[in-house]
Amino acid sequence: MAPITSTGLGFSRLLISAGILASTTLADTYTYPVKSINLDSAASPVYYSAFRPDQMSIGRTVDPHAVHGTEIAPSTVLLSGKGQQSESSSTTDAFAVALSSSTGAKSWSWTSAHDGNDAANAATVLPASGEVLVAGWREVSGVGCRSVTKLSATGTEAYTAVAFGDSSGAHGAFEMVKAFGDDVFLSGLKDKNDLEEMSFKSYGNVPSGTAVVTRFASSAFGSSAPAAGDAVWTKDFSGYASAKTVEEVGTDKLAVLLYAEESEKHAAIVVLNRADGSTVWGPTDYGNVHGEGTDLAVVGNDIFIIGHGGSGGELSGRATKVASADGQVSWTKSFSVGGNTQLIYNECWGVSANSDGSGLIASCGAGIETCDGTTGQTRTDCLAGNGDPRTGAYNRGAGNWYSYVVKIGTSDGTVAWQRVDSYKAPGGPAMSSSSFDPSSSAAEWVFGMSSGNIAIVTDEVFGVGLLVLDPSNSGGGGGATSTSAPTPAPDNVDGDNGASSTLTATALGFLSFVIAAVSAIIIV
């Protein structure tokens, strides 16, 4: 997905940039029934918490882009990603921000103080200690190094390990870290010949390198930084650029999702013995039937690939069911928000299995990526933001995305429900208002919470967000519970539905004053 961009400085955006609309009332969702399916059966919003960079306490880092999330304690979730070191810099910082599971309020945050490039691609918690491992990559003396930063349970950095064997002309990165029992598994790449296109998760794929998976004992991440020689085993996969993720298959095996630039290798699986990393079967390529694979889930005896694919200018979400015993494909299913399929792309980046195994929850983004290359009526529609001609749909310009969350049945891949949302600022205007100011939201990652709720990590045009859904409280549209949490009031979003969060009379009075004052300035 292309970086989410603003569609212009609207009135609410003017107030946001001035810091006027920051609020302690949780935001709501604009929900789009035209693009949703079985909305009355869909998990409903509990809260939508979102943060500008200055509210995240991440120092110099601007334009934060969270690409991963996980629960690190029953009361705490962690979002991680990267941002720029300044508005004028292309150098990136890794960051992580911990939020209260129940309210979405910020608990603590961490950001890299490293001068060169680095990025966080994933995080996990060490079950025995509650300490956190943040995995990604860091540029050290011109070398892109696989990196793991160890944080305390409250976000204090102990160290960043980078001695995993990378060198000049042989760069590396970790895409995923998972703690399973007493083991830590790290997947990613090594031997990349340059630092071009160090792209991961929703912002791209690395075009070259050698895929690698490493197993460590969790005790290796003790008081001092581990190195390559501390690994239990390391497994390389020639012909594949990166190992995107790893999942447990039973108690003794692992499924690894591989990627390479060749279309047939856009999604591949290899199953390994957990004890020694030896191959059970694979790698088997599924790119020709699935498209691009971005994440995995394992349910019972089956492996599910999530991602996106298409042909002829179309791009839809994709799910593929594979037998864990031998890699045989049961089915591949496509899903989308509808509309003009030549304009609206559907891209999925994360998946989480329901605790009862009945379904998969996929996190996706949907929208017009660009009008470049379009012609004729398609170009006219694109420039007008008319990607969906159906009655009740609203125009959204290129680069203005929706958060798209879909539940897929594990037996046959049928869409049980899907909800299409975007961020609604506290007190944001109704869909009929002339003051709609569309902004982007995209569902970057999804994970289950110990409460049974579903956590959706969102990329917002102003920062990062966390949308929490309750699968036991279906009923569709907006109406997130208003629980106190530090939430900005970023860009308002046009939508088909969505109940406003309540602001106090004082806040409304102040807002009216600001509107009048700004209007007077504009008139003058």
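Is Thr-29 buried or exposed in this predicted model? Thr-29 counts as buried, because its relative accessibility is 0%, and a residue is taken as buried when this value is under 20%.

**View 1. Thr-29 and its polar partner in strand S1.** Thr-29 belongs to strand S1, which covers residues 28-31. The side chain of Thr-29 makes a polar contact of 3.3 Å with the side chain of Thr-31, while Thr-29 itself has a relative accessibility of 0% and is therefore counted as buried.

**View 2. The open sheet of strands S11, S12, S13 and S14.** Four strands make up this open sheet, in which the order is S11-S12-S13-S14 and the pairing is antiparallel. Strand S11 (171-180) and strand S14 (233-237) occupy the edges, and because each has a single partner strand, one side of each is left without a neighbour in the sheet. On average, and with direction ignored, neighbouring strands of this sheet are turned by 20 degrees against each other.

**View 3. The pairing of S11 with S12.** Strand S12, which comprises residues 183-192, runs antiparallel to S11 and is joined to S11 by eight bridges. Within this region, Phe-174 stands opposite Gly-188, a residue of S12.

**View 4. The largest nonpolar core and the surroundings of Leu-79.** This core has 35 residues, and those with the most contacts inside it are Leu-79, Val-148, Val-184, Leu-186, Phe-221 and Leu-466. Strand S11 supplies the largest share of the core, namely four residues. When residues up to four places away in sequence are not counted, Leu-79 touches Ala-66, His-68 and Gly-69, and also Phe-95, Ala-96, Val-97 and Leu-99, as well as Val-457, Gly-465 and Leu-466. A second, separate core has 27 residues, among them Ala-319, Val-351, Ala-366 and Ile-368.

**View 5. The disulfide of Cys-348 and Cys-364.** A search of the whole structure finds two disulfides, and in the one formed by Cys-348 and Cys-364 the sulfur atoms are 2.2 Å apart. The link of Cys-348 and Cys-364 is right-handed, with 90 degrees about the S-S bond. Cys-348 lies in strand S23 (residues 344-353), whereas Cys-364 lies in strand S24 (residues 359-368), so the pair ties together parts that are 16 residues apart in sequence. Both Cys-348 and Cys-364 are buried.

**View 6. The disulfide of Cys-371 and Cys-382.** The sulfur atoms of Cys-371 and Cys-382 are 2.1 Å apart in this disulfide, and the link is left-handed, with -95 degrees about the S-S bond. Cys-371 is found in the loop between S24 and helix H4 (376-383), and Cys-382 in helix H4, so that the pair links parts of the chain that are 11 residues apart. Cys-371 is buried, with a relative accessible area of 9%, and Cys-382 also counts as buried, at 1% relative accessibility. With bonded cysteines counted along the chain, the disulfides of the protein follow the pattern 1-2, 3-4.

**View 7. The surroundings of Cys-145.** Cys-145 has a relative accessibility of 7% and therefore counts as buried.

How values were computed: Residues numbered from 1 in each chain as written. Predicted model: local features only at pLDDT ≥ 70, side-chain atom pairs only at ≥ 80, totals over all residues. Heavy atoms only, no water. Helix = DSSP H or I, 4+ residues; strand = E, 2+ residues; numbered from the N terminus. Buried < 20%, exposed > 50% of the residue type's maximum accessible area, 1.4 Å probe, protein only. Polar contact = N/O pair within 3.5 Å; in protein donor to acceptor, adjacent residues only side chain to side chain. Pairing = 2+ DSSP bridges. Axes fitted to C-alpha atoms, helices over the stretch in contact; angles between N-to-C directions. Core = buried A, V, L, I, M, F, W, Y, C linked by side-chain atoms within 4.5 Å. Contact = heavy atoms within 4.5 Å. Disulfide = S-S within 2.5 Å.
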